[in-house]
Amino acid sequence: MNLKLKASEIAKAVNGEIIAGDGNIKIKNIITDSRKILPESLFFAFKGEAADGHDFAEKALQDGALGAVMQKDSVKIIDLQNKNSVIITVEDTIQALLDTAKYYKNLFKNLNITLGITGSVGKTTAKEFIYSVLNQKFKTQKSEGNFNTEVGLPMTLFGLEEDTRAIVLEMGMSGFGEISRLSKTANPDIAVITTIGTSHIEKLGSREGIKKAKFEILDGMDFNSNIILNADCDLLYSEKNKTGRKEYFFGLNNKDAGFTAENINLDYEKNISEFSADNFKFVIPAVGLHNIYNALPAIITGKIYGLSNEEIQNGFNNFRNAKMRQNIYDFNDITIIEDCYNASLESVRAALGVLAGMAAKSKERSNLNFKPKSIAVLSDVLESGDYSEMIHKNIGEEVVNKNIDIAFICGEKSKVTHDTIKQRGKDKRSSVNCMYFNEKSEIANALYKMAKRGDVILFKASRGMELETVIDDFKKKFD
């Protein structure tokens, strides 16, 4: 933290009680992992499924932490060897962390813009676009990595710098109530919901349930705040004039949206997308219609806060996508599309579209005596519950519809994808060369044997499948 807090301040902010030690101790760092002690740190003990942080509170203090925050029902008797240390008890340590972050954020009087972003797909890429645009005019910070949870978002806020004017916060969730708590912590001035898809449908039951969870972002927003919504998403557009906030709608197809992209050109060779909006030609360094959807909220945000179209374009010029999200690069004259951070039906469809487009361009420009191939390496879409079979079947259909040349499939759930592609081959609707692998470690060897110069390879799956290891193994084959 850039501002130190007294332990007594924190206790008051979280409605906690100091049961031992000195309330005048000043805290510089907040930690949630007892193995990573920082100077002048306060350790928050969480109850987890695998371990209880309360069991490690005493060790954290012995290793140099100045204090610990523990739940009243789990507090451990600790002999404070260091007089300059403190124990704070609360009802719920997760909520206490959120409350501490909210209190800390409110100390930054120069922070004029807080933007919260959520959605089933695209929220991380949209966050990066918005950050790049706002940073043209304001000192801007953003959520890094997967810091979009009830632990991650507070850690982002604890990293606020005194001259920061804007912060862009991604808000993720796996169940009801989580985004509500994040929004109440951050109190966004402006919110973006990218779309309502099928991510986390296992816990939320339906797209309507997902919509309800995403709209919890309103819970921490004042009524004079702004919300940006995708007009091409049926469940978002149905909320028009119902949010109680100033609404901005964007889209590609819904002409009633206030902000639309037109004259679209997807240049798969240069990996750029061009489009017109607000009577200005924008160019983004990412290809695909889904990336235009991700860029439009950044343009609207820029307009709300007084940026010119030229400043917004300069922001796009500085855009860098997050790691493992449609990261496109050449390796040994083979194009790699590394998109392994997460997956849903919608994002797999988008990724296959990029693969097909880039492979078609590669075939057009090829002067080789063989045609470059499109290769999709696919694995499971997780957290899909009762919709799993439908989702993986649709992915198989999409592989066929996009005329992908080769599909390497692994993962228990993805057997449905493999079987769907194979069935379409029997129906003479597909010429996809589809192979299933029981172990993903087997894929790299098969890729090495089949991939040639000019080929385009997509790697796409949910984060839990760790498909990036296949990329690493594939590259090692060339050593």
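## Exercises: a helix face and a ring cluster

Helix α15 (residues 443–450) has Ile443, Ala444, Ala446 and Leu447 buried, where buried means under 20% relative accessible area with a 1.4 Å probe and protein chains only. This is a predicted model: local features need pLDDT of at least 70, side-chain atom pairs count only at pLDDT 80 or more, and totals for chains, interfaces and linings use all residues. Residues are numbered from 1 along each chain as its sequence is written, and side-chain values use heavy atoms, without hydrogens and water.

**Exercise 1.** Find out why the four buried residues lie on the same side of α15.

*Solution.* Start with the arc, taken from the directions from the helix axis to the C-beta atoms. The four cover only 165 degrees around the axis, so they share one side of α15. Next, look at what they pack against: β20 (374–378), β21 (406–410), β22 (433–437), β23 (456–460) and α16 (468–476). Contact here means heavy atoms within 4.5 Å.

**Exercise 2.** Classify the ring pair of Phe129 and Phe316.

*Solution.* First, the rule: rings of Phe, Tyr and Trp (its six-membered ring) pair if their centres lie within 6.5 Å; planes under 30 degrees apart are stacked, over 60 edge-to-face, and the rest tilted. Now apply it: the centres are 5.5 Å apart and the planes at 85 degrees, so this pair is edge-to-face. Then place the rings: Phe129 is in α4 (residues 123–134) and Phe316 in α11 (residues 309–317), so the pair ties together parts 187 residues apart in sequence. Both Phe129 and Phe316 are buried. Finally, widen the view: ring pairs link Phe129, Phe275, Phe280, Phe282, Phe316 and Phe319 into a cluster.

Technical notes:
Helix = DSSP H or I, 4+ residues; strand = E, 2+ residues; numbered from the N terminus. Buried < 20%, exposed > 50% of the residue type's maximum accessible area, 1.4 Å probe, protein only.
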